[in-house]
Amino acid sequence: MFVNQVPFLITLSRNLRFITVEDLPNRKETTVRDKLLSVLRLYRHRGFNVVTVLADPEFEMLRPYIPTLNTCAADEHVPDIERTIRSVKDRVRSTHLRLPFKYLPRLIVVRLVANAVLWINALPHPLGISNEFSPRYLLLGRDL
């Protein structure tokens, strides 16, 4: 995902509906691999077993490191993550429009995206596994 030309790695758990987002200093294989493996470690640390990683063909380079990687066809996308990206970008745009600035430095863009994801994770998702607990609470064990 890109916001103001800043690359991000965004992930979504299909059942928990927990979103993670990491800003990428570059799009090199080692950088993307390390960020994705840190997300997988987060799930493993909390006792969740990641069975399959669905991704765009751009992530095919990570197959040696993530054997459960399943990439879609060349002209297709993973629908769940595409919808999540649109939701995050909409929230970032609406927050940006309330700010009195025309230009936003990279650090502010990163924090705007992180803030949007924090609030999406703070409320229970209608398609999630719980109607009471938020995805953030289910995975991290804490509310805001």
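Me: Which residues are exposed on the other side of α3?
Reply: This is a predicted model, where local features need pLDDT of at least 70, side-chain atom pairs count only at pLDDT 80 or more, and totals for chains, interfaces and linings use all residues. Residues are numbered from 1 along each chain as its sequence is written, and side-chain values use heavy atoms without hydrogens or water. On the other side of α3 (helices are DSSP runs of H or I, at least four residues, and strands of E, at least two, numbered from the N terminus), the exposed residues (over 50% relative accessible area; buried is under 20%, partly exposed in between; 1.4 Å probe, protein chains only) are L107 and R111.

Me: Within what arc do the buried residues of α3 fall?
Reply: The residues V109, V110, L112, V113, A116, V117, I120 and N121 of α3 are buried. They line one face of the helix, because down its axis they fall within an arc (of directions from the axis to the C-beta atoms) of 165°.

Me: How many residues apart in sequence are the parts that F18 and Y43 tie together?
Reply: F18 and Y43 form an edge-to-face pair, 6.5 Å centre to centre with 85° between the planes (ring centres of Phe, Tyr or Trp, its six-membered ring, within 6.5 Å; planes over 60 degrees apart are edge-to-face, under 30 stacked, the rest tilted). F18 is buried at 5% relative accessibility, and Y43 is buried at 7%. F18 lies in the loop between β2 (6-12) and β3 (19-23) and Y43 in helix α1 (residues 29-45), so the separation of these parts is 25 residues.

Me: Which kind of pair do F133 and Y137 form?
Reply: F133 is partly exposed at 37% relative accessibility, and Y137 is partly exposed at 34%. Their ring centres are 5.0 Å apart and their planes lie at 20°, so the pair is stacked.

Me: Over which ring does the charged end of R33 sit?
Reply: A charge counts here if NZ of Lys or CZ of Arg is within 6 Å of the ring centre and within 35 degrees of the ring normal. The charged end of R33 is 4.7 Å from the centre of the ring of Y65.
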